[in-house]
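Biologist: Before we turn to single residues, I would like to learn how to read a model like this one, beginning with the whole chain and ending with its details. Could you take me through it?

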Amino acid sequence: MQLTFPNGEHANVALRGEVIVGSRAGSPVCLPDAGLAPHHASFQRDRRGLWLRVPAGVHGVHLNARPVRRLAQLRPGDLVCLDKVRVVVRADDEPAIERRIPPASSVAMTEAQRVAAARVVLRGLSGQHFGRSYTLTEPRLIGRSASADIRLDDAGVAERHAMVELHADRVVLRAMGNDTSLVNGVPVRDAVLSPGDQLVIEQHRFQLEAPGLPLRGQMDAAKPASTAHTQTMKAVRVPVARDPAPAAPVAPAEPVRKDPGALWWLIAAATVLAAALTALLVYAPRAGA
């Protein structure tokens, strides 16, 4: 990440550790003639991201035209105003913005496509459209004209400035004239927008929210490689295990022979037991009399 100064107050500054901006001598960014406090603000990068920190009692710090009191998280393309000093956050290794766009306007969508496209929106970050969202189910004309879908009431904006269209899995920014816009701080006319991109037209700032669409640099990777022929796999001879040999027939088991003598012993034992019980029942009362 780096800090750039569009009005030329300072050279670009790489963001390593904490970068303090103010009028104090020896500060990484010392601007004694800009009317800043000795420690007006600092930019600090850690494992969670890039942060703008404002010391207590310091005023006149704005992020994308919104005042910052103590702390705010930054992303590439953000505009930080320190009183009259403008600072733009830029990424060092940001993939190049694709400027080749389809020549024709987007085709009409089916109902199913419109439902899916309703999640792709331009959300206002500053200016008169702050907090408002515009879906891209239809091409959106941006400009000062009364017929514009996103009307920017600004004398510096052309009547028909640009058109934002959804083409399948790409969002396209198409210039209507010779006017340029800023995408993540980079001046462009025509461009393919990616999720998270910030689009700036004069003082008006929008962010593209497009869940599911490929990020910048992933467009080519998302396309499957085309093949000129169909490859077939050679037949492979796979050994098949033979069926096991049939088992030898098992001789039927001999039936268990029953001993007839055992049955007679059981009958005799039952007879004796019955006689004993009868004697007990018959003679027991007499013995007690």
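Modeller: Let us begin with the overall picture, bearing in mind that this is a predicted model. Of the 289 residues in the protein, 36% are buried, and the chain is arranged in three helices and 22 strands. The protein exposes about 18,700 Å², of which carbon and sulfur atoms supply 56%.

Biologist: What share of the contacts with a separation of 6 or more comes from residues 24 or more positions apart?

Modeller: Such residues account for 42% of the contacts in the protein with that separation.

Biologist: Now to a single position: is Ser42 buried or exposed, and which residues does Ser42 touch?

Modeller: Ser42 counts as buried because its relative accessibility is 2%, where the cut-off for buried is under 20%. Ser42 belongs to strand S5, which covers residues 41-46. Leaving aside residues up to four places away in sequence, Ser42 touches Glu18, Val19, Ile20, Trp51, Leu52 and Arg53. With Glu18 there is also a polar contact between the two side chains, at 3.2 Å.

Biologist: How should I read a pocket, and what is the volume of the largest pocket here?

Modeller: The general idea is that a probe the size of a water molecule, rolled over the atoms, shows where empty space is left. In this model the largest pocket has a volume of about 450 Å³. It is lined by 25 residues, and those closest to its centre are Leu79, Arg86, Leu182, Val200 and Glu202. Strands S10 (79-82), S11 (85-90), S18 (181-183), S21 (198-201) and S22 (204-209) are the elements that each give two or more residues to this lining, and S11 provides the largest share, with three residues.

Biologist: How many residues of that lining are nonpolar, polar and charged?

Modeller: The lining of the largest pocket divides into nine nonpolar, eleven polar and five charged residues.

Biologist: Glu202 was named among the residues closest to the pocket centre; what is the sign of its phi, and about what value does it take?

Modeller: As a general guide, most residues other than glycine have a negative phi. Glu202 is not a glycine, yet its phi is positive, at about 55°. Glu202 sits in the loop between S21 and S22, and it counts as partly exposed because its relative accessibility is 43%.

Biologist: Where is Ala65 found, and what is its phi near?

Modeller: Ala65 is found in the loop between strand S7 (61-63) and strand S8 (66-67), and its phi is near 70°, a positive value in a residue other than glycine.

Methods:
Residues numbered from 1 in each chain as written. Predicted model: local features only at pLDDT ≥ 70, side-chain atom pairs only at ≥ 80, totals over all residues. Heavy atoms only, no water. Helix = DSSP H or I, 4+ residues; strand = E, 2+ residues; numbered from the N terminus. Buried < 20%, exposed > 50% of the residue type's maximum accessible area, 1.4 Å probe, protein only. Contact = heavy atoms within 4.5 Å. Areas by Shrake-Rupley, 256 points an atom, 1.4 Å probe, with all protein chains shown as cover. Polar contact = N/O pair within 3.5 Å; in protein donor to acceptor, adjacent residues only side chain to side chain. 1 Å grid on protein atoms, 1.4 Å probe; cavity = no way out; pocket = protein on both sides within 12 Å on 5 of 7 lines; lining within 4 Å. Points joined across faces, edges and corners; volume = space filled by probe spheres on them. Nonpolar A, V, L, I, M, F, W, Y, C, P; charged D, E, K, R; others polar.
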